[in-house]
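Got your viewer open? Set the display to cartoon, keep the selection box handy, and we'll walk through the model stop by stop.

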Amino acid sequence: MEALIFKLRKLATPKSAFIVLALFILNAIILGRVDQPLQDLANGEPKLDLRFGYDLATVERLFDAYGEQGRELYVWDLLVDTPFPVLGGLATILFVLVAFHNPRWQMILVTAPITFIVTDLLENVLFMILLQSYPSLSPELVAFSSFITQVKRSAFYIIFAELVISGIIVIFVETKRMISART
């Protein structure tokens, strides 16, 4: 992990962090639009990855409500979702590396974004497998998928806090630097 952080430190500038954040927000907006038809098909129920865990009955109910077209749409949704964790995790990592200069703190603070990236991508693969195996869903696979979703959601809450705090620090420091440069 140290080698990865070392490479990312070279890319970690306020400008690169804000560019990746903008791409993350754009991806989130697009993803929200792609998610909406799935939510409509399920009478307003959120899709699996927006829940904090689920069981076999919930997966069966949602996949049944989606119908064949909705399940195909979910595959496309997962493709649109693929950049989401990468961009969100990378934006958080870049902001952390710019805001916090202590290498030990950097190592600690990048753990949640890396966990988010890995678990969200794994979750997408697991959902693809579930969609392909429907209606013969494995209870063990659903339980494992639910666990991965719970870890991902927890990591997401942590990175959201890290992103906000480190973003505020970067904005404050950059504003102060610009004001000092003018005087």
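Which residue forms a salt bridge with E45? Select R61: the closest N and O atoms of E45 and R61 are 2.7 Å apart. (A salt bridge here is a side-chain nitrogen of Lys or Arg within 4 Å of a carboxyl oxygen of Asp or Glu.) The pair links distant parts of the chain, with E45 in the loop between α2 and α3, R61 in helix α3, and the two positions 16 residues apart. E45 counts as partly exposed because its relative accessibility is 23%, and R61 is partly exposed as well, with a relative accessible area of 41%. For those words, buried means under 20% relative accessible area, exposed means over 50%, and partly exposed is in between, using a 1.4 Å probe and protein chains only.

Some ground rules before the next click. This is a predicted model, where local features need pLDDT of at least 70 and side-chain atom pairs count only at pLDDT 80 or more, while totals for chains, interfaces and linings use all residues. Residues are numbered from 1 along each chain as its sequence is written, and side-chain values use heavy atoms, with hydrogens and water left out.

**Zoom out**

Colour by secondary structure and you get seven helices and zero strands. Helices are DSSP runs of H or I with at least four residues, strands are runs of E with at least two, and both are numbered from the N terminus. Along its principal axes, the C-alpha trace spans about 65 × 30 × 20 Å. Of the 183 residues, 42% are buried.

For a feel of the distances, pick L8 and P135. L8 is in helix α1, residues 2–11, and is buried, with a relative accessible area of 11%. P135 lies in the loop between α6 and α7. Those two residues are 127 apart in sequence and 43 Å apart in space, C-alpha to C-alpha.

**Two backbone stops**

Stay at P135 and show the backbone. A cis peptide bond joins Y134 and P135, with omega at about 15°.

Now jump to N43, in the loop between α2 and α3 (56–81). What is the phi of N43? The angle is near 55°, a positive value in a residue other than glycine. N43 counts as exposed because its relative accessibility is 73%.

**More salt bridges**

Side chains of opposite charge can pair when their charged atoms come close. A search of the whole structure turns up seven salt bridges, so there's more to click on.

Select K152 and E123, whose side chains meet in a salt bridge at 3.1 Å, N to O. This pair also links distant parts of the chain: K152 is in helix α7, E123 is in helix α6, and they are 29 residues apart. Buried or exposed? K152 is buried at 4% relative accessibility, and E123 is buried at 0%.

Next, go to E174 and R177, a salt bridge with its closest N and O atoms 2.8 Å apart. Both residues sit in helix α7, three residues apart, about one turn of the helix. R177 counts as partly exposed, at 46% relative accessibility.

Then select D35, K47, D49 and D77 together: they are linked in a network of salt bridges.

**The largest pocket**

Show L31, L50, D81, F84 and R153, the residues nearest the centre of the largest pocket, out of 13 that line it. On a 1 Å grid over the protein atoms alone, a pocket is an open set of points where a 1.4 Å probe fits, with protein on both sides within 12 Å along at least five of seven lines, and lining residues have an atom within 4 Å of a point. The volume is about 170 Å³, counted as the space filled by probe spheres set on the points, which are joined across faces, edges and corners. α2 (14–41), α6 (111–133) and α7 (139–182) each supply at least two lining residues.**A nonpolar patch**

Last stop: turn on the surface and select L122, V125, I129, F144 and F147, a nonpolar patch with about 440 Å² of accessible area together. Patch residues have over 30% relative accessible area and no salt bridge, with like charges joined within 9 Å and nonpolar side chains (Val, Leu, Ile, Met, Phe, Trp, Tyr) within 5 Å. Areas come from the Shrake-Rupley method with a 1.4 Å probe, and for residues only the protein chains shown count as cover. α6 gives the most to the patch, with three residues. One of the patch residues to click is L122, in helix α6, which counts as partly exposed at 33% relative accessibility.
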